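Q: Let's zoom in on one part of this model. Please walk me through it in one go, and then put it in context.

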Amino acid sequence: MFRYVIQRLLLAIPTLIGVAVVSFFLLRVVPGDVVEVKLRGDGGNVSQETIEMERKRMGLDKPLMAQFGDWMIGLATLDLGKSMWTDRPVIEEIAIRLELSLQVAIMASLVAVIIAIPLGTLAALMRGTWVDYVVRLITIAGLSMPSFWLGMLIMLTLLGLFNWLPPITFTPFYVDPKANFTQLIWPAMAVGYRYSAVTARMVRSQLLEVMNEDYIRTARAKGVYEKLVITRHALRNALLPAITVLGLEFAFLIGGLVVTEQVFNLNGIGKLFVQSISRNDFTLIQGMVMMISGFYIIVNLAIDMLYAVFDPRIRYR
Amino acid sequence: MTTIATTEKAEPARRPRSQILEFMRQQPMGAASFVVIVVMMFAGVFAERVAPHDPLDIDFGGILAPPSWEHWTGTDAFGRDTFSRIIYGARTALIIGFASSFIGSSLGALLGATCAYFGGRVDMVIQRFVDIMLSFPIIVLALVVVAVLGKWQVLGIDINLIFAIAIPIVPNVTRIVRSAALSVRAMPYIDAARTAGYSHLRIICRHMLPNLMAPYLIMLTAYIAQAILLEASLSFLGLGVAEPTPAWGLMLSGNATDFFREAPWMALFPGIAISLAVFAFSLFGDSLRDWLDPKFKV
Amino acid sequence: MIRKSTIALALTATLAFAGDAVAQTPKKGGSFQFAISAETPHYDCHGSDTYATLHFASPFYSTLLQFDLPKYPAVKGDLAQSWTVSPDLMTFTFKLTPNVKFADGQPLTSADVKATYDRLRNPPDGVVSTRKATFADIGTIETPDPLTVVFKMKAINAAMLEHFASPWNCIYAAKDLAADPNSPKVKINGTGPFIFSEHAKGSHVIGKKNPNYFKPGLPHLDEWKGVFMLQAAAMRTALQGGQVLAEFRSVSPPERDSLVQAMGDKLRIEESSWTLNLLLTFNTEKKPFDDVRVRKALSLAIDRWGGSAGLSKNSTLRAVGGVIRPGSPSATPEAELVKLPGFSKDINASREEAKRLLREAGVPDLKFTLHNRTIPQPYTPAGIYLVDQWRRIGVTAENKQFETAPYLAGLNSGNFEVAVDFSNLFMDDSSLGLSKYLSLGKSSENKSRSVDAELDSLYDRHMRETDPKKRIVLIQAFEKRLFDQSYQVPILWWHRIVATHKTVMGWEMSPSHNLGQDLAQVWLNQ
């Protein structure tokens, strides 16, 4: 097991290097210049000389390969460099936003689990009946509604019906749980609904598959109470793939809240991403891409570990 | 859309020549969604005939008019008929949805089949690349590609936007098709074809790909839905198609929320149009999967 | 000159409210929350050109002079208790208020003012001053005693006094600059009414009352919090929900209407014409836009008067005007304006003329792309409107909107055909207003890449002219030449609409969103 983990981690290194190379060179093709946006974006009468000076100060006048070298060397020492827009360390910029994004992702996952497991189980048990169809409609509707639109509708409904809106600045959970919760539950619901749709479908299909397996039939034949069969045996085994889906979606949520964060004015990674792109803040974009990829790889690994722990059929050498 | 491992045996579609009636009997919801898709395609293709107004006609005299016989879903901040814009928007959504899903799925299928066919080092290299691509969230990858490619519009349709949406689809499809293709690769007739001295390209195209039609078609429909959703998101962020091109996501951005009290129709109907389109394609893709290959999971 | 603006109705309202504020005694204390629709990359006023920096940093700093907003463009003292200008406009002497302290406790002296202006006009290596050119005419800065600063000029600049009132010239401490010339980028130490307390990146900034502020009895507030809200929709709902009480750049007319409808008399709306001009710029190096007939035809096709009536309902665009803000002293009056090409009220005749010109130029069914920006207001409505206007003379334009970075890159490298451009001024002075249209090379702001000796010479003559009336004649001649050649032509001037809760008192409206943001006079009527 330990060897397997080490092996997997080592295998992640080439992938991460690949991500680093791809993101660096991909971004250098983007037209426009961060210095120009910073100094001229609002129409200031700034001379070309001033702009060149600032570029030089930021090291943007160096040849591309030298900049690439700096980036790779920095990575090796876990230094993601400085944001081109704010001049502050990329790690710091990300850290400020990570807490919020992580929390929304966790809350959305909880929302998803709470909705998905009963729905998926129900649909599987009553396969082919109207219940199954209704669940199917609900889940596909979740996949179809753009979450930003759902978010807009939630906000406008709150405002229209209660003349109330969630708080606009982030309060950490340990400072004021209530303020924190009332701000983040709405985006978590908007995203969680879509996310539950994916999960519920997975629960349903897995459950159907498991129910056909021998040990369930045996349990039933032995006269084990039906409810017990479902909870003890079937659901437990059907949950593993569902956990996979949850995990992968969770990893994506860290950076994938792009549009939702815009709608709810949340100061998270997704909003930072959109802003950085509009400002051509390449170092920050690279840093975020590295973080999201790293996160994805770690979650993937964690899921595989879970399989190893929970599913007796799987053993790693 | 998340993709999980497929079952090892993705049976090639060997049903008798498909009867539409059979599909309708077995998959009534799929049939219903297919009708929705056909209606939407009809509206998109014949927009000039179907739309009651010119979607670009500005009328400052009649801005923010509520739904009426004249304007079924009301008018927007420029007095443009939103119903006509939704109909023309169907064209934009379908063109971008079809084109990007087709390009993405086809490229993915080809790569997946190539991986499975050659195995070994080719497989390794492509798989590593797929891993790299997969570790970007789809929307993040699309955002970066949009920024890199810039804009290249032909007839109001942004070609680069199509690529920006297609590229994130490729690795997902590659992965699924590869696992299905592995079992096809193991079939004796592939080895027979190799011994017969056919070229690799011919074997992949003539012998493997036709047997991968089922997963390919399922992915294609599923990703049309995703592509429409992604296009709407990008346009909402101002990175997709540009005004005055009628597009659903664009209709939701900007003024739509500002007028929610006075003109709720501006935020409501385009959102419904997106949801309906994505819903129809998802449901159809689902039914198609159940019908073609019940064991295949996406 | 707000009062002279074309929208008399809104203005009466503005003045009435101003009357309100004077009549009541300000209440002390309270915490004021408002929205800022952009976040500043750094804190250095000298190296910035965006209101994002000012709405953030103005309350922490003082300047030598300030604009007296109700009497705009008159100026009043800030740190300067009094000042004299020599008759030849070559010497400016300022007497500073005594006993002023920086936030960190050190006293302010004339040396700090000198260090600040030295940094502005001649920044050391690695420091960006976007106002270097503005203050290039300063010869020497002398400090005969700790409370006196004397500026001796190298050349006459008629607008120099206004430049001393520019909000960008935050006074820094000489000691801070000596320790690290770049320290104002990351550290805030000023003499303003508030003391910097917290900047939560991506979220908000907080300022707390400066107990040692040099103006007696000010500021009224205990604390303020500026929340960064980049999405207009989110900002508007927050304003409506009372989570923020103001946003000081501008809302759009639809936002205003919906806010008014939702909030009724809890909301105050103040409007003014804006020192921002939206322009149409032709790339004169690209065919067929090197042909004056094509440029002029495309300008003629725009119904500016009709557009003003329509776009003022759904965008921040409003007034029809030339190169100087309509309503300001040297602006061309409407009676003269309508004689200029593209400004006639007979749009059908203009369109016929436009079609004729295009036929003559051999491009009756011209197709091109319009280089535009993704910022929703007012770029998107302008793009939609222009495409529609050109459609009416058989011209097909494709509106392409770019993020700020590629938008600017395209404009500066000449990689566009026709572009929506803008001229952002913080005051009405014509030396500033006209400079954008000078030949390529003379003006870094000329994106049309045009070279026109006649325009350059008219500009130089107008700069040397001291008689205001003759100056206006020259400005009008400049305008006529510019529009006849149509390198860059105005589309419409912007219109500023500021929405605040009625509880917010003491804030003053002006034609520039860069002015009047120190919040010293603001108080909450709760």
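How many residue pairs in polar contact (both at pLDDT 80 or more) does the rule find across the interface of domain 1 of chain C and domain 2 of chain C?

A: The rule finds 0 such pairs there, a polar contact being N and O atoms in any pairing within 3.5 Å, where within protein one must be able to donate a hydrogen and the other to accept it, and residues adjacent in sequence count only if both atoms are side-chain atoms. Bear in mind that this is a predicted model, where local features need pLDDT of at least 70, side-chain atom pairs count only at pLDDT 80 or more, and totals for chains, interfaces and linings use all residues. Residues are numbered from 1 along each chain as its sequence is written, chains are lettered from A and ligands numbered from 1 in the order in which they are written, and side-chain values use heavy atoms, with hydrogens and water left out.

Back to the two domains. The assignment for chain C gives domain 1 as 61-185 and domain 2 as 274-495, with bounds that come from an automatic or database domain assignment. Taken over C-alpha atoms, their centres are 35 Å apart. Domain 1 of chain C puts 9 residues into the contact and domain 2 of chain C puts in 7, with contact meaning heavy atoms within 4.5 Å. Together they bury about 600 Å², 68% of it from carbon and sulfur atoms; buried area is the accessible area (1.4 Å probe) that two parts lose on being put together, summed over both. On the domain 1 side, Tyr72(C), Ala159(C) and His163(C) lose the most area to domain 2 of chain C, together 55% of what that side buries. Salt bridges across this interface also come to 0, going by a side-chain nitrogen of Lys or Arg within 4 Å of a carboxyl oxygen of Asp or Glu. By class, the domain 1 side that touches domain 2 of chain C has 6 nonpolar, 2 polar and 1 charged residues; Ala, Val, Leu, Ile, Met, Phe, Trp, Tyr, Cys and Pro count as nonpolar, Asp, Glu, Lys and Arg as charged, and the others, Gly among them, as polar.

Now for chain C against chain A. Here 46 residues of chain C meet 42 of chain A, and the buried area is about 3,800 Å², with 53% from carbon and sulfur atoms. Pro41(C), Lys201(C) and Gln243(C) supply 16% of what chain C buries against chain A, more than any other three residues. Between these chains there are 3 salt bridges. Lys185(C) forms a salt bridge with Glu54(A), where the closest N and O atoms are 3.7 Å apart. The polar count is 5 residue pairs (both at pLDDT 80 or more). On the chain C side, β10 (223-228), α7 (232-240), α14 (404-413) and β15 (418-424) each supply at least two residues of the side that touches chain A; helices (H or I, at least four residues) and strands (E, at least two) are DSSP runs, numbered from the N terminus. The largest share of that side, 6 residues, comes from α14(C). By class, that side has 17 nonpolar, 20 polar and 9 charged residues.

Chain A also meets chain B, with 50 residues from chain A and 45 from chain B. That interface buries about 4,300 Å², carbon and sulfur atoms giving 75%. Arg136(A), Phe148(A) and Trp149(A) lose the most area to chain B in chain A, together 13% of what that side buries. The rule finds 0 salt bridges there.
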